[in-house]
Amino acid sequence: MDRNNALEKKFTRFRVLIIGRANAGKTTILQRVCKTTEVPQVHDKDGKEVDIRVQGSLERGEHDIENEITFRSNPRYVFHDSRGFEAGRIDELKKVKSFLEGRAKAPKLADRIHAIWYCIPMTDRARALTTAEDTFFSICGTSNVPVIAVFSKMDGLDAVAYQQLQKEGKNKLDAKSMAPERAMKIFDNGDYVQRLLAMKYPPLDHVCLREMDKENADCRGLIECTATALKDETLERLLVSTQQTNMGICITYAINR
């Protein structure tokens, strides 16, 4: 048995820290990754179940970054949630840094954070990148943990795209069908990615997600992006193994290997 196979037998769960302000769509993204609509299970660091019906969803209320978030549909994922750094919440930044430093020292690979998904909603393009993003990507180094910038709610740009197309003379039907493609052009022209890449601790990659509110929404891009960013082959194989229901990813990985 080689070293990678031995490690895979020791731990079978991929651990992700998801960061983002309220209404960034974090809960929905995690549900789509795990291919479910179920309410997540949350357990504190002692293994005691937390009733999120009392504390609120991942998008609202108080958070404990140490809590483990899982879904019955795919228990091979473990998520941790940070509410982001809105309104200059330096206390939350300190919590994230302390959490990452502590997890990096964990003796077991299974207890470390394997990837970070930083969610940036595109519902308001003028405020897509705020002080929160400047703070995280300028101050919070994450060592060897890859950070993926997740531009969520990309369909929020469709209304702007639709208006542009109508002003150009397109009829309503054509403007609606062409809006998603134009929305991507608006995004590209906004140099959001370039601004992040110019910061001290830039993300390793980025992905754009749209219409995650639909049950058949595709998160393949996020998984592939994360797998590519991983430096450890064992972690890459582990991430791909969590996607057994997504044969496309499994086949792509097998071919590339």
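# Close-up views of a predicted model

**View 1. Glutamate 38 and threonine 36 in the loop between H2 and S2.** Once neighbours within four places in sequence are set aside, glutamate 38 is in contact with Gln31, Phe71, Arg72 and Ser73. This view, like those that follow, is taken from a predicted model. Glutamate 38 belongs to the loop that runs between H2 and S2, and although 33 residues separate it from phenylalanine 71 in sequence, the C-alpha atoms of the two lie 7.3 Å apart. Threonine 36 is placed in the loop between helix H2 (26–33) and strand S2 (41–43), and its contacts, again without neighbours within four places in sequence, are Gln31, Phe71 and Ser73. Threonine 36 has a relative accessibility of 11% and therefore counts as buried, the limit being under 20%.

**View 2. Helix H2 and the elements packed around it.** Seven of the eight residues of H2 are buried, so the helix is largely enclosed by the rest of the structure. The buried residues are Lys26, Thr27, Ile29, Leu30, Gln31, Arg32 and Val33, a list that includes Gln31, one of the contacts of glutamate 38 in the preceding view. The packing partners of these buried residues are four strands and a helix, namely strand S1 (14–20), strand S5 (77–82), strand S6 (115–121), strand S7 (147–152) and helix H9 (220–229). After H2 comes lysine 35, which has a positive phi, near 55 degrees.

**View 3. Aromatic pairs around phenylalanine 137.** Nine aromatic pairs are counted in the model. In one of them, tyrosine 118 and phenylalanine 137 have ring centres 5.1 Å apart and planes at 50 degrees, so this pair is tilted. The pair joins distant parts of the chain, since tyrosine 118 is in strand S6 and phenylalanine 137 is in helix H5 (residues 131–139), with their positions 19 residues apart in sequence. Phenylalanine 137 also pairs with phenylalanine 136, in this case edge-to-face, with a distance of 5.0 Å centre to centre and 90 degrees between the planes. Tyrosine 118 and phenylalanine 137 are both buried, the latter at 0% relative accessibility, and phenylalanine 136 is likewise buried, with a relative accessible area of 1%. Elsewhere, ring pairs connect Phe14, Phe71, Tyr77, Phe79 and Trp117 into a cluster; one of its members, Phe71, is also in contact with threonine 36.

**View 4. The largest pocket and its lining.** The largest pocket has a volume of about 410 Å³. It is lined by 20 residues, of which Ile113, Thr142, Ser143, Asn144 and Val145 are the closest to its centre. Sorted by class, the lining comprises nine nonpolar, five polar and six charged residues. The element that gives the most to this lining is helix H4 (residues 90–104), which supplies five residues.

**View 5. Two loop residues with positive phi.** Lysine 153 is not a glycine, yet its phi is positive, at about 55 degrees. This lysine is found in the loop between S7 and helix H6 (158–167), and at 30% relative accessibility it counts as partly exposed. Aspartate 191, also a residue other than glycine, has a positive phi near 45 degrees. Its position is in the loop between helix H7 (172–189) and helix H8 (192–197), where aspartate 191 is partly exposed, with a relative accessible area of 37%.

**View 6. The protein chain as a whole, with its confidence.** The close-ups above belong to a chain whose secondary structure amounts to eleven helices and eight strands. The chain has 257 residues, and 49% of them count as buried. Among its contacts between residues at least 6 apart in sequence, 70% join residues at least 24 apart. The mean pLDDT of the chain is 85, with 84% of the residues reaching 70 or more. Confidence is highest in S7, at a mean of 97, and lowest in helix H11 (residues 247–256), at a mean of 50; S7 is also one of the strands against which the buried residues of H2 pack.

Technical notes:
Residues are numbered from 1 along each chain as its sequence is written. This is a predicted model: local features need pLDDT of at least 70, side-chain atom pairs count only at pLDDT 80 or more; totals for chains, interfaces and linings use all residues. Side-chain values use heavy atoms; hydrogens and water are left out. On a 1 Å grid over the protein atoms alone, a cavity is a set of points where a 1.4 Å probe fits but cannot get out, and a pocket is an open set with protein on both sides within 12 Å along at least five of seven lines; lining residues have an atom within 4 Å of a point. Grid points are joined across faces, edges and corners, and a volume is the space filled by probe spheres set on the points. Ala, Val, Leu, Ile, Met, Phe, Trp, Tyr, Cys and Pro count as nonpolar, Asp, Glu, Lys and Arg as charged, and the others, Gly among them, as polar. Buried means under 20% relative accessible area, exposed over 50%, partly exposed in between (1.4 Å probe, protein chains only). Contact means heavy atoms within 4.5 Å. Rings of Phe, Tyr and Trp (its six-membered ring) pair if their centres lie within 6.5 Å; planes under 30 degrees apart count as stacked, over 60 as edge-to-face and the rest as tilted. pLDDT is the predictor's confidence in each residue, from 0 to 100.
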